[in-house]
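This report describes the architecture and selected side-chain interactions of one protein chain. The sequence and the structure are shown below.

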Amino acid sequence: MKKTLSWWDLIWFGMGSVIGSGIFVLTGLEVKNTVGPAVVLSYIVSGISAMLSVFCYTEFAVEIPVAGGSFAYIRVELGEFVAFIASGNIILEYVIGGAAVSRSWTSYFATLCNQPSDKFLIIVDSLANDYNELDPIAVFALAIITTFAIFSTKGSSRLNYIASIIHVIVLMFIIVAGLSQAKAENYKDFTPFGTRGIFASAAVLFFAYVGFDAVSTMAEETKNPGKDIPIGLIGSMTLTTFIYCMMGVTLCLMQKYSDVDEKAAFSVAFEAVGMKWAKYIVAFGALKGMTSVLLVGAVGQARYLTHMARTSLLPSWLARVNKKTKTPVNATVVMFIATAIVAFFTSLDILANLLSISTLFLFSLVALSLLVRRYCVRGVTSRFDVMKFLGFIFLILGSSIGCSVYWSKTDEWIGYTILVPIWFVGTFGIWFFVPLAKKPKIWGVPLVPFLPSASIGINIFLLGTLDKASFRRFGIWTAILVVYYLLVGVHASYDIAKVQKEEKEKLDTNIVSKMDEENGVSLLTGSNTKTENDT
């Protein structure tokens, strides 16, 4: 693909892909039902987890600057099967997330038109509940966004950072104007749902930070990955976390948490405090933000599919890059169709419950892949060191899963005094007893193995706060992916590897033949005939 993006583009792609998805789509829902004013702490927890993952992604994106993102990184370090299962789940997450954002786009559009947030939904009583509120405007918005994503990556970038600059200005207005209407009594009951509400909400709101993963898929189109990707990813994530926290504080100081509107929280909050005119500015800013999220999502999702198709795990026509636009048109259209179908039928409540689990799972695998990359290198790491590394990894994963399960089962704290030290022993053991096998050539994650190990721990812990429905969906979809891989993917991968091997052997033979001809050696006669071993 054509290299057109700089760190400036990536910062705005990062902010465009992130700011809008969680803050406008899920904040109202979580504040009212799960966490209350303590939503600011939920955003801090999920922001820390996201920043740890950003560091891991950055090293991979610099060292392996291709369009596949996490699929390419995990495939290199943990193998094709693990990469396919993880990336298959993240693609579904992208579809669900895009559908959720597009439906929320409709709600804020209705507010901008001075109508109730559900005004433009079409109710069909013959369909099942939660699937009977049809949303044609969400599909129309997705179609327009997909058109931009198809015709130009650089054009999409320009549209994105213009929209994002306007969006940030609107966000600053929301914070300043909202705090001017703050009421301290709204903060008296700061944690109405307790500590559990904070972490449960953090796991759901983690979806708000997913956008940076889409940015890493643009590494192939980045001019100078070693410089641009670290600045773009880390810079955008820092700014985003700060804005999220301020927005959460503003909303809960303006309006009591129990009165917050679930679908268009900020617009309704301004109307409630007597600033009805401001709700139109808020709705406009929300639409700008969600438009950027959908645009970057459309660009990133297509590149996931493209790279997977390059490995022959998916049909090869998904890997084609249009000669005129230099973009993966087929993959972009396929992702649009899938997202549009889900957005048209499925309510926001159902979509919100399905978010985050695949993302947390994927980011844990990326952090694990980074540890494997640094400490396990074929031909460098001894068998004994590999065994030590695996033992310590078992301690890290076991203690992290233990903390997650313990949290989901009890309110007691005594178990953490045992499990957390076990995590530390595993991490310290890798640092002290396993020699480093590879150092990054351009840019590397600091504090290895502690930083990626912390990323694994917090991501797995947040998984334990999600509901059972999310795990059922995750299990069913993963089972479908496994069946597909065993029946189709592994055979296609084997066939393409066989063809590549035959082509390489043919090329080697042709090179030998050409060299012999140039030296005046006959391949057909006398004692100069080449043997099979010579060839």
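## A salt bridge within helix H17

Asp385 and Lys388 are three residues apart in helix H17, which means that about one helical turn separates them. Their side chains form a salt bridge in this predicted model, with 3.1 Å between the closest N and O atoms. The two partners fall into separate accessibility classes: Asp385 is buried, with a relative accessible area of 12%, whereas Lys388 is partly exposed, at 22%. The cut-off explains the assignment, because buried means under 20% relative accessible area.

Helix H17 spans residues 383-409 and also contains Ser399. Ser399 counts as buried, with 2% relative accessibility. A polar atom of the Ser399 side chain lies 3.5 Å from the backbone nitrogen of Trp423. When residues up to four places away in sequence are not counted, Ser399 touches Leu419, Ile422 and Trp423.

## Further salt bridges

The structure holds eight salt bridges in total. Side chains of opposite charge can pair when their charged atoms come close. One of these bridges joins Glu93 and Arg473, with an N to O distance of 3.4 Å. This pair links distant parts of the chain, since Glu93 belongs to helix H6 (residues 80-112) and Arg473 to helix H20 (residues 468-518), 380 residues apart. Glu93 is buried, at 1% relative accessible area, and Arg473 also counts as buried, at 12% relative accessibility.

Arg75 and Glu80 form another salt bridge, in which the closest N and O atoms are 3.7 Å apart. Arg75 is partly exposed, at 33% relative accessibility, while Glu80 counts as buried, at 15%. In addition, salt bridges link Glu63, Glu77 and Arg373 in a network.

## A loop residue and a nonpolar surface patch

Lys276 is located in the loop between helix H12 (265-272) and helix H13 (278-310). Its relative accessible area of 42% makes Lys276 partly exposed. Apart from neighbours within four places in sequence, Lys276 is in contact with Asn114, Phe270 and Glu271. Lys276 and Asn114 are 162 residues apart along the chain, and their C-alpha atoms are separated by 9.9 Å.

Elsewhere, a nonpolar patch on the surface is formed by Leu127, Tyr131, Val333, Ile337, Ile341 and Phe345. Together these residues have about 480 Å² of accessible area. Val333, one of the members of the patch, lies in helix H14 (residues 329-345). Val333 is partly exposed, with a relative accessible area of 31%; this value satisfies the patch criterion, because patches are made of residues with over 30% relative accessible area.

## Overall organisation

The secondary structure of the protein chain consists of 20 helices and two strands. The chain has 535 residues, of which 55% are buried. Among contacts with a separation of 6 or more, 83% are between residues 24 or more positions apart. The bridge between Glu93 and Arg473 offers an example of a link between distant parts of the chain.

The protein chain exposes about 22700 Å², and carbon and sulfur atoms supply 66% of this area.

Terms used:
Residues are numbered from 1 along each chain as its sequence is written. This is a predicted model: local features need pLDDT of at least 70, side-chain atom pairs count only at pLDDT 80 or more; totals for chains, interfaces and linings use all residues. Side-chain values use heavy atoms; hydrogens and water are left out. Helices (H or I, at least four residues) and strands (E, at least two) are DSSP runs, numbered from the N terminus. Buried means under 20% relative accessible area, exposed over 50%, partly exposed in between (1.4 Å probe, protein chains only). Contact means heavy atoms within 4.5 Å. Accessible areas come from the Shrake-Rupley method with a 1.4 Å probe; for residues, only the protein chains shown count as cover. A polar contact is a pair of N or O atoms within 3.5 Å; within protein, one must be able to donate a hydrogen and the other to accept it, and residues adjacent in sequence count only if both atoms are side-chain atoms. Patches are made of residues with over 30% relative accessible area and no salt bridge: like charges are joined within 9 Å, nonpolar side chains (Val, Leu, Ile, Met, Phe, Trp, Tyr) within 5 Å. A salt bridge is a side-chain nitrogen of Lys or Arg within 4 Å of a carboxyl oxygen of Asp or Glu.
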